[in-house]
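Hello,

Here is the structure we spoke about, handed over for your own reading. My notes on what was found follow below.

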Amino acid sequence: YLWLNKIKFFEEREISSENYALLAKALQLERWDMGNIVFEKGSIGDKFYIIIQGKVGEFSVLHFRSLCT
């Protein structure tokens with residue numbers, strides 16, 4: 001769990017080693033292929049994502065339509 005305190009979000013907070021251990025125990029690894037939709041705008045947030053490797057982008061249907069016309 002020591003890698004968690006290297007993430008800027010956690011780096012800026014005072015979190016005890018015990019709480020880092022609890023957080024690490026609760027984490028679940030998810031792998032996504034490029035192009036997959038992880039969540040949609042307006043959906044209820046039930047997860048907190050930590051991107052370890054790769055990039056995430058935003059896709060808008062309105063933007064897609066303007067590119068196709």
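**Gly35 and the loop around it**

Gly35 counts as exposed because its relative accessibility is 72%, and the cut-off for exposed is over 50%. Please keep in mind that this is a predicted model. Gly35 belongs to the loop between α2 and α3. Its C-alpha atom is 9.5 Å from that of Gly57, although 22 residues separate the two glycines in sequence.

**The chain as a whole**

The chain has 69 residues, and 4% of them are buried. Its accessible area is about 7100 Å², with 56% of that coming from carbon and sulfur atoms. How many helices and strands are there? The chain has 3 helices and 0 strands. Read from the N terminus, the order of elements is α-α-α.

**Other residues in the loop between α2 and α3**

Ile52 is also found in the loop between α2 and α3. With a relative accessibility of 64%, Ile52 is classed as exposed, since any value over 50% earns that word. The C-alpha atoms of Ile52 and Ile7 are 9.3 Å apart, while the two residues are 45 residues apart along the chain.

Tyr49 lies in the loop too, between α2 (residues 17-26) and α3 (residues 61-68). Why is Tyr49 called partly exposed? The reason is its relative accessible area of 32%, which falls between the limits of 20% for buried and 50% for exposed.

Tyr49 is one member of a nonpolar patch on the surface, together with Trp32, Val38, Phe39, Ile51 and Val56. Taken together, the six residues of this patch have about 600 Å² of accessible area.

**The salt bridge**

The count of salt bridges comes to 1. Which residues form it? Glu30 pairs with Lys47, and the closest N and O atoms are 2.7 Å apart. Both partners are in the loop between α2 and α3, and they are 17 residues apart, so the pair links distant parts of the chain. Glu30 is partly exposed because its relative accessible area is 31%. Lys47 is partly exposed as well, with a relative accessible area of 47%.

**Aromatic rings**

There are 5 aromatic pairs by count. One of them joins Phe9 and Phe48, whose ring centres are 5.2 Å apart. The angle between their planes is 45°, and the pair is classed as tilted. Phe9 sits in helix α1 (residues 8-11) and Phe48 in the loop between α2 and α3, with the two positions 39 residues apart along the chain, which makes this a link between distant parts of the chain. Phe9 is partly exposed because its relative accessibility is 38%. Phe48 is exposed, and the reason is a relative accessible area of 52%.

Another pair is formed by Phe10 and Tyr20, at 6.4 Å from centre to centre. Here the planes are 70° apart, and the pair is edge-to-face. It also links distant parts of the chain, with Phe10 in helix α1 and Tyr20 in helix α2, 10 residues apart. Are Phe10 and Tyr20 buried or exposed? Both of them are buried.

The four residues named in these two pairs, Phe9, Phe10, Tyr20 and Phe48, form one aromatic cluster. A charge is also found at one of these rings: the charged end of Arg13 sits over the ring of Phe9, 3.9 Å from the ring centre.

**Glu11**

Glu11 is a residue of helix α1. Its relative accessibility is 51%, and therefore Glu11 counts as exposed; the limit to pass is 50%. Leaving aside residues up to four places away in sequence, Glu11 touches Asn5 and Lys6.

**Where to look**

When you open the model, a simple route is to begin at Gly35 in the loop between α2 and α3. From there, go on to the salt bridge between Glu30 and Lys47. The aromatic cluster of Phe9, Phe10, Tyr20 and Phe48 can come last.

Regards

Methods: Residues are numbered from 1 along each chain as its sequence is written. This is a predicted model: local features need pLDDT of at least 70, side-chain atom pairs count only at pLDDT 80 or more; totals for chains, interfaces and linings use all residues. Side-chain values use heavy atoms; hydrogens and water are left out. Patches are made of residues with over 30% relative accessible area and no salt bridge: like charges are joined within 9 Å, nonpolar side chains (Val, Leu, Ile, Met, Phe, Trp, Tyr) within 5 Å. Accessible areas come from the Shrake-Rupley method with a 1.4 Å probe; for residues, only the protein chains shown count as cover. A salt bridge is a side-chain nitrogen of Lys or Arg within 4 Å of a carboxyl oxygen of Asp or Glu. Helices (H or I, at least four residues) and strands (E, at least two) are DSSP runs, numbered from the N terminus. Buried means under 20% relative accessible area, exposed over 50%, partly exposed in between (1.4 Å probe, protein chains only). Rings of Phe, Tyr and Trp (its six-membered ring) pair if their centres lie within 6.5 Å; planes under 30 degrees apart count as stacked, over 60 as edge-to-face and the rest as tilted. A charge sits over a ring if NZ of Lys or CZ of Arg is within 6 Å of the ring centre and within 35 degrees of the ring normal. Contact means heavy atoms within 4.5 Å.
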